[in-house]
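Visitor: I'd like to walk through this one with you, strand by strand and then salt bridge by salt bridge. Could you put it up on the screen?

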Amino acid sequence: MPRRSCSDGNVVATFTEDYASTKKSKYMSPKSMRLASHNKTRVAYFHDEGVGNYHYGEKHPMKPHRLTLTNHLVLNYGLHQKMEIFQPRRATDAEILEFHAADYVDFLKRVTPDNAEQFESVFQKFNVGDDCPIFSGIYEFCQRYAGASIEASRKLIANGADICINWSGGLHHAKKCEASGFCYVNDIVLGVLELLRYFPRVLYVDIDIHHGDGVQEAFYSTDRVMTVSFHKYNGDFFPGTGHIDEVGTSLGKYYSVNVPLRDGIDDDSYVWMFNEVINAVIGTFQPSAIVLQCGADSLGCDRLGCFNLSIEAHGKCVQIVKEFKIPMMVVGGGGYTVRNVARCWTYETSILVDTELSNDLPPNEYIDFFKPDYQLHPHLSGRVENQNDRTYLLKVRERVMEQLRYLDAAPSIQMQEIPPDIQGFLDGDEEMKDAEDDSEIGKETRRLQTVMAETEWYEGDDDNEGEAVDSVWQQNTLA
């Protein structure tokens, strides 16, 4: 894993005034000039410089280019000086096959826009089409973002960092055998499977506006992973899953937690609910590692979203999880108003490295994306009426707390060598508890599927504003 740049060895600058140039220093607020403590959080940042150069197609909401914008803001704010920066290697076929089916992976490797007609007979089987189109370099793109999550997981396992960031990851809708919601390979599942080789219990938290269905499905029958998703749910909104009664099955019963929300939820209500649920979940499950998916389509004014969250409130959720001081991997996810995605993930990077940023964006190559205000925190709230009244929120909270009461304590995990077939290992957990489950049918039933991804390419000012979105996207809003 070659290092592209980093802090000077293991020595962390005591102050941040050595920021690259005095010309940019005004964009770091005085409050960021703080002494580094001996227990300073170690943060590793994984970014593949080529991951933002892929294109889902004209007018498609997913634009990988948002990753390039995010990286430019991170660099121009000087946040790279607070982290180790890594250029991750691409995931290998063998690593992707740890979760995904061989015929599906072979399809992704072989299909191109030029030969797509030869594969039309399996399009429906693998769920490719309008939402998940075939574009140039599709498998290479998957290898890049998945490789970053796998490398981030291994960095945590090696105790090389306390927090690992991969904004290109978070494609939580991809399933074992098919694409879904702009996602082809589920980097989150691959990362969690790596973490399970060392950490007894992994908590997955999802603040994307869309339900984290791919990750939930992958770990629905194990008690080694608890999934917690905060999302819009009305039965029709994509992906149509995430009802509060979806609690897991078999050994994993009660280890899937869903917090269904309605349109227009505001900052105070969301942060209150998040804080209540996460504190209870961590107190009960006692995770040894956390994966936090920070889908930015839950922000107000997202072209596919319908919440009223500010960037500050979204970041507050990151802060809440960070304060538990548990090894954590942070990934991206949805987010379809490009400029706000870049703002959000830059702000959350600053939270993870304990640095306050000026609200005035620093000069950068893509500054015109952020006009007319050129601010880190634009006003995003109040566009949609809040349908989450106090009675509803209290009811949802009580249902979650009731579910957690079924879990007396964190599951006791007997650590053992994990075989290459990680899904077989998870199946083995259940067999240890009940030998009668050791059947081929039972094992097949427990093989799940996963995730969705997002990315963006600039088509012009209209596209950046989201004004050219087809009604299909607005109705189905993905990942």
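Guide: Sure. One cut-off before we start: a residue counts as buried when its relative accessible area is under 20%, as exposed when that is over 50%, and as partly exposed in between. Also keep in mind that this is a predicted model.

Visitor: Then is Lys322 buried or partly exposed?

Guide: Buried means under 20% relative accessible area. Lys322 comes in at 11%, so the class it falls into is buried.

Visitor: Which residue does Lys322 meet in a salt bridge?

Guide: Lys322 sits in helix H9, and its partner is in the loop between helix H10 (338-352) and helix H11 (390-404), so the pair ties together parts that are 32 residues apart in sequence. The partner is partly exposed, with a relative accessible area of 28%. The N to O distance is 2.8 Å, and the residue is Asp354.

Visitor: What does helix H9 make together with E8 and E9?

Guide: Strands E8 (residues 289-293) and E9 (residues 328-331) pair in the parallel sense over four bridges. One of the contacts puts Ile290 opposite its bridge partner Met328 in E9. With H9 (residues 311-322) added, the three make a right-handed β-α-β unit.

Visitor: Which residues of E8 point the other way from Ala289, Val291 and Gln293?

Guide: In a regular strand the side chains alternate between the two faces of the sheet. In E8, five of five residues are buried, so burial doesn't separate the two sets here. Opposite to Ala289, Val291 and Gln293 point Ile290 and Leu292.

Visitor: Moving on to E6, which residue there does Asp206 stand opposite?

Guide: Strand E6 (residues 225-232) has eight of its eight residues buried. Five bridges join E5 to E6, and the two run parallel. The chain gets from E5 to E6 through helix H7 (residues 213-218) in a right-handed β-α-β crossover. The residue opposite Asp206 is Ser229.

Visitor: And where is Lys175, the salt-bridge partner of Asp213?

Guide: The side chains of Asp213 and Lys175 meet at 2.7 Å, N to O. Both residues are buried. Asp213 is in helix H7, and 38 residues away Lys175 lies in the loop between strand E4 (163-166) and helix H6 (187-195).

Visitor: Last one: how many salt bridges does a search of the whole structure find?

Guide: Some are linked up: Arg89, Glu95, Glu98, Glu151, Arg154, Glu194 and Arg197 form a network. Another joins Asp103 to Lys125 at 2.9 Å, N to O. The search of the whole structure gives 22.

Methods:
Residues numbered from 1 in each chain as written. Predicted model: local features only at pLDDT ≥ 70, side-chain atom pairs only at ≥ 80, totals over all residues. Heavy atoms only, no water. Buried < 20%, exposed > 50% of the residue type's maximum accessible area, 1.4 Å probe, protein only. Pairing = 2+ DSSP bridges. Right-handed = clockwise from strand over helix to strand, strands pointing away. Salt bridge = Lys/Arg side-chain N within 4 Å of Asp/Glu carboxyl O.
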